[in-house]
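Me: I should like to examine how certain labels applied to a protein model are justified. Please set each value against its criterion.

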Amino acid sequence: DRLRRLNIEKAERTAKNCAIRLYIPLNELKTAIENCSDDYEIAEKLDIDLSELADAVHYYKLKGLL
């Protein structure tokens with residue numbers, strides 16, 4: 001039913017956000033952004049792919065931290 005699906009989506013979103021915070025800490029992301037010239041270099045420095053970088057930037061911008 002609808003409520004079950006919404007609860008599952010919320011749990012998945014929470015898990016994804018937690019993974020972002022653990023795998024791509026804000027201070028490391030900020031340092032990489034300051035020291036790198038483009039997204040490819042930032043992703044390489046953090047050892048992640050571009051979609052993970054985009055997710056992390058989006059998450060931290062939504063939280064008002066970037």
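The exchange below concerns a predicted model and the reasoning behind several of its assignments.

Me: Why is Glu28 called partly exposed?

Reply: Glu28, a residue of helix 2 (residues 26-35), has a relative accessible area of 43%. Buried requires under 20% and exposed requires over 50%. The value for Glu28 lies in between, so the residue is called partly exposed.

Me: Why is Asp47 called exposed?

Reply: The relative accessible area of Asp47 is 60%. Because the criterion for exposed is over 50%, Asp47 meets it. This residue is located in the loop between helix 3 (39-46) and helix 4 (50-62).

Me: What makes the phi of Asp47 worth noting?

Reply: Asp47 comes just after helix 3 and adopts a positive phi of about 60°. Most residues other than glycine have a negative phi. Asp47 is a residue other than glycine, yet its phi is positive.

Me: How do you know that the buried residues of helix 3 are on the same side?

Reply: The residues concerned are Ile42, Ala43 and Leu46. They span an arc of only 95° around the axis, and therefore they are on the same side of helix 3. Their cover includes helix 2 and helix 4.

Me: What is carried by the face of helix 3 turned away from its buried side?

Reply: That face bears the exposed residues Tyr40, Glu44 and Lys45. For Lys45, the C-alpha to C-alpha distance to Glu28 is 9.5 Å, with the two residues 17 apart in sequence.

Note on methods. Residues are numbered from 1 along each chain as its sequence is written. This is a predicted model: local features need pLDDT of at least 70, side-chain atom pairs count only at pLDDT 80 or more; totals for chains, interfaces and linings use all residues. Side-chain values use heavy atoms; hydrogens and water are left out. Helices (H or I, at least four residues) and strands (E, at least two) are DSSP runs, numbered from the N terminus. Buried means under 20% relative accessible area, exposed over 50%, partly exposed in between (1.4 Å probe, protein chains only). The arc is that of the directions from the helix axis to the C-beta atoms. Contact means heavy atoms within 4.5 Å.
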